[in-house]
Each structure stands twice: as C-alpha cells, then as structure tokens.
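Visitor: I would like a close look at a single part of this model, taken slowly and with its surroundings kept in view. Please begin with the charged side chains and follow them outward from there.

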Amino acid sequence: MNNIPNHVAIIMDGNGRWAQEKGKKRSEGHKEGGKTLEKLALYAKKLGIKVLSVYAFSTDNFKRSKEEVDFLMDLVIHYFNNKLNKVCDEGIKIIFSGRREPLRDDVLEAMDKIVEKTKNNTNCILNICINYGGQEEIVDASIKVANDLRIGKIKENDLNRETFLKYLYQDLPPIDLLIRTGKEHRLSNFMLYQSFYAEIYFVDTYFPDFLENDFDIAIEYYISRNRTFGNVKTN
Ligand code: IPE
Ligand code: IPE
Ligand code: MG
C-alpha cells in the first residue's frame with residue numbers, strides 16, 4: 001500500500017459491550033481485546049507502520065469498580081510477562097505513555113521489564129497508554145518546561161509547537177490516523193496534543209472484533225483523505 005500512515009493510534013473501546021451483548025462478563029471482553037491488540041501490533045509491523053499507539057487504560061478508568069480495575073491490571077501483567085513473546089520476537093519495541101502513580105508496583109515492574117527486553121528492537125514502536133490522560137500529559141509537560149525555563153536550560157523563544165513535543169511522555173511523530181472502535185464519537189482525553197492533524201476514523205465495531213481486515217479499511221479511509229494542514233488544495 002502507498003501512503004501508509006506513519007503513526008496510527010487506536011482508542012480500543014467496546015470490550016465491555018462486546019462481552020455483555022454475548023451474555024458474558026465484561027472481563028471476557030478485555031481478554032479478547034488483548035488478543036486483538038496482539039494481532040494488530042503484528043499486522044501494523046507487517047504493513048510498515050512505524051508507530052502504533054493504543055489506549056489501554058485511561059486515568060479516568062480508575063473510576064470503575066475495584067474488581068474491573070484489578071482484573072485489567074492483572075491482565076496487563078499477564079500479557080507483559082507471558083503473552084507478548086511474538087510481538088517482542090518480531091522486533092517491535094514496546095514503550096509506555098502515562099503517569100506511573102498510582103499504578104501498582106507489580107504492574108510497573110512488568111512494564112519496565114518489557115521495555116528493557118524490547119529496547120533495541122527497531123521494526124515498529126508499540127506505544128501503550130496506561131494510566132494515560134491527554135490533559136495530564138500536557139500539564140506534566142508544562143511542569144517540565146517551567147522547570148527548564150527556571151534553571152535556564154531553555155529560553156521562552158526556544159518554545160514552539162515542535163519543541164514542546166519533546167516534553168511529552170514519548171518523543172513520537174504526530175498521529176496521522178486515529179481510530180476509535182465501539183460506536184462512540186469522542187476523544188476521551190486521548191493524545192490531544194499529538195492528534196492535532198490526525199484523520200479520525202470512527203467505527204461501530206467493538207474492539208475485540210476489529211481485526212486485520214477492518215484495520216485495512218481504516219487505512220484505506222486514511223489514504224483517501226486529502227490532507228491540507230490548513231492550506232488549500234493545490235490540484
Ligand atoms: C475499552 O473497553 C477498554 C478499557 C477502557 C479498559 P470498555 O471497557 O470501555 O468497553 P465498553 O465501552 O464499556 O463497552
Ligand atoms: C476510553 O474509553 C479509554 C480506553 C479505551 C482505554 P472509555 O470507555 O473509558 O471512554 P468513555 O467513558 O466512553 O469516554
Ligand atoms: Mg468504553
């Protein structure tokens with residue numbers, strides 16, 4: 001495929017409803033979502049996508065029941081310790097975005113381990129957003145900027161929209177294509193700064209059912225768009 005997006009981001013929504021509509025527990029939907037994520041990461045690498053960012057757990061998801069939060073955290077550990085071997089073996093580098101506080105120590109440990117294990121991989125970056133909030137990220141970046149200004153590391157004139165990017169959780173290219181599965185048409189505090197010119201693709205399919213073929217359709221949608229970045233069309 002030509003014009004493949006460099007950075008694709010997915011708001012992986014609809015796991016709970018996928019399960020509930022099948023008469024299953026919400027946790028079954030999260031398990032199935034994990035399998036889908038593994039498939040999509042491998043597929044993104046195969047397509048030559050450089051960065052895949054995924055929203056796995058938002059800062060606001062801590063509002064959910066302790067049972068659901070605990071299940072999700074246990075699932076995260078299980079995935080990082082046992083399930084993502086193929087992803088690691090295929091040369092995909094795993095990184096995380098989000099606040100460490102108040103994640104459990106065992107979750108942080110599993111995250112740190114997989115980052116270390118995949119740090120030299122160069123085929124594709126999988127940026128997993130856990131305990132992530134887009135506004136929180138901008139606030140955290142602003143605190144770092146204020147500190148650098150105070151100690152004289154940078155001057156006000158050094159700041160612009162590109163240099164500010166370096167203060168975010170990870171130094172990544174802008175999002176080209178942002179996909180949200182699961183019927184809702186909103187950003188839910190996801191990568192607000194990085195999605196400034198993203199093409200946005202909303203799809204009703206619940207995340208567990210969003211497989212390679214659906215991903216292809218999203219990419220085709222992206223390729224069909226005329227991106228003008230504030231300019232006017234020239235042809
Ligand atoms: C997305 O699916 C996964 C997480 C937020 C962890 P949901 O759990 O939000 O599923 P729905 O939206 O309730 O169906
Ligand atoms: C966004 O989905 C967060 C993740 C997919 C991890 P939510 O289900 O939490 O968002 P809202 O509540 O529909 O806005
Ligand atoms: Mg949801």
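Which residue forms a salt bridge with R186, and how many Å apart are the closest N and O atoms?

Guide: The partner is E184, whose salt bridge with R186 has its closest N and O atoms 3.5 Å apart. Before going further, please keep in mind that this is a predicted model, and that what follows is computed from its atoms. E184 is partly exposed, with a relative accessible area of 24%, and R186 likewise counts as partly exposed, at 46% relative accessibility. The pair does not stand by itself, for salt bridges that share partners join D13, R17, R180, E184 and R186 into one network.

Within that network, D13 deserves a careful look. Its side chain meets that of R17 in a salt bridge with an N to O distance of 3.1 Å, and it also meets the side chain of R180 in a salt bridge, here with an N to O distance of 2.9 Å. The pair of R180 and D13 links distant parts of the chain, since R180 belongs to strand 5 (residues 177–180), while D13 sits in the loop between strand 1 (7–11) and helix 1 (15–20), the two being 167 residues apart. As for the surroundings of these side chains, D13 counts as buried because its relative accessible area is 18%, which falls under the 20% cut-off, and R180 is buried as well, with a relative accessible area of 5%. R17, by contrast, counts as partly exposed, at 23% relative accessibility. In general, side chains of opposite charge can pair when their charged atoms come close. The structure as a whole holds 21 salt bridges.

The network also leads to a ligand. The residues around ligand 2 include D13, R180 and R186, which have already been met above, and among the others are Y55, A56, F57, N61, R64 and S188. An N or O atom in the side chain of D13 lies 3.1 Å from an oxygen atom of ligand 2, so that, given the 3.5 Å limit for a polar contact, this pair of atoms falls within it. A polar side-chain atom of N61 is placed 2.9 Å from an oxygen atom of the ligand, and for R64 the distance between a side-chain N or O atom and an oxygen atom of ligand 2 is 3.3 Å. Taken alone, ligand 2 exposes 390 Å², and the protein buries 78% of that.

A charged residue that offers a contrast is E136, which is found in helix 6 (residues 134–150). E136 is buried yet has no salt bridge, and the nearest side chain of opposite charge, that of R99, is 5.0 Å away; because a salt bridge requires the nitrogen and the carboxyl oxygen to be within 4 Å, this separation does not qualify. What the side chain of E136 does have is a polar contact of 3.0 Å with the side chain of N189. Leaving aside residues up to four places away in sequence, E136 touches T59, R99, Y169 and N189.

Note on methods: Residues numbered from 1 in each chain as written. Chains lettered and ligands numbered in written order. Predicted model: local features only at pLDDT ≥ 70, side-chain atom pairs only at ≥ 80, totals over all residues. Heavy atoms only, no water. Helix = DSSP H or I, 4+ residues; strand = E, 2+ residues; numbered from the N terminus. Buried < 20%, exposed > 50% of the residue type's maximum accessible area, 1.4 Å probe, protein only. Lys, Arg positive; Asp, Glu negative; His and termini not counted. Polar contact = N/O pair within 3.5 Å; in protein donor to acceptor, adjacent residues only side chain to side chain. Contact = heavy atoms within 4.5 Å. Near = heavy atom within 4 Å. Areas by Shrake-Rupley, 256 points an atom, 1.4 Å probe, with all protein chains shown as cover.
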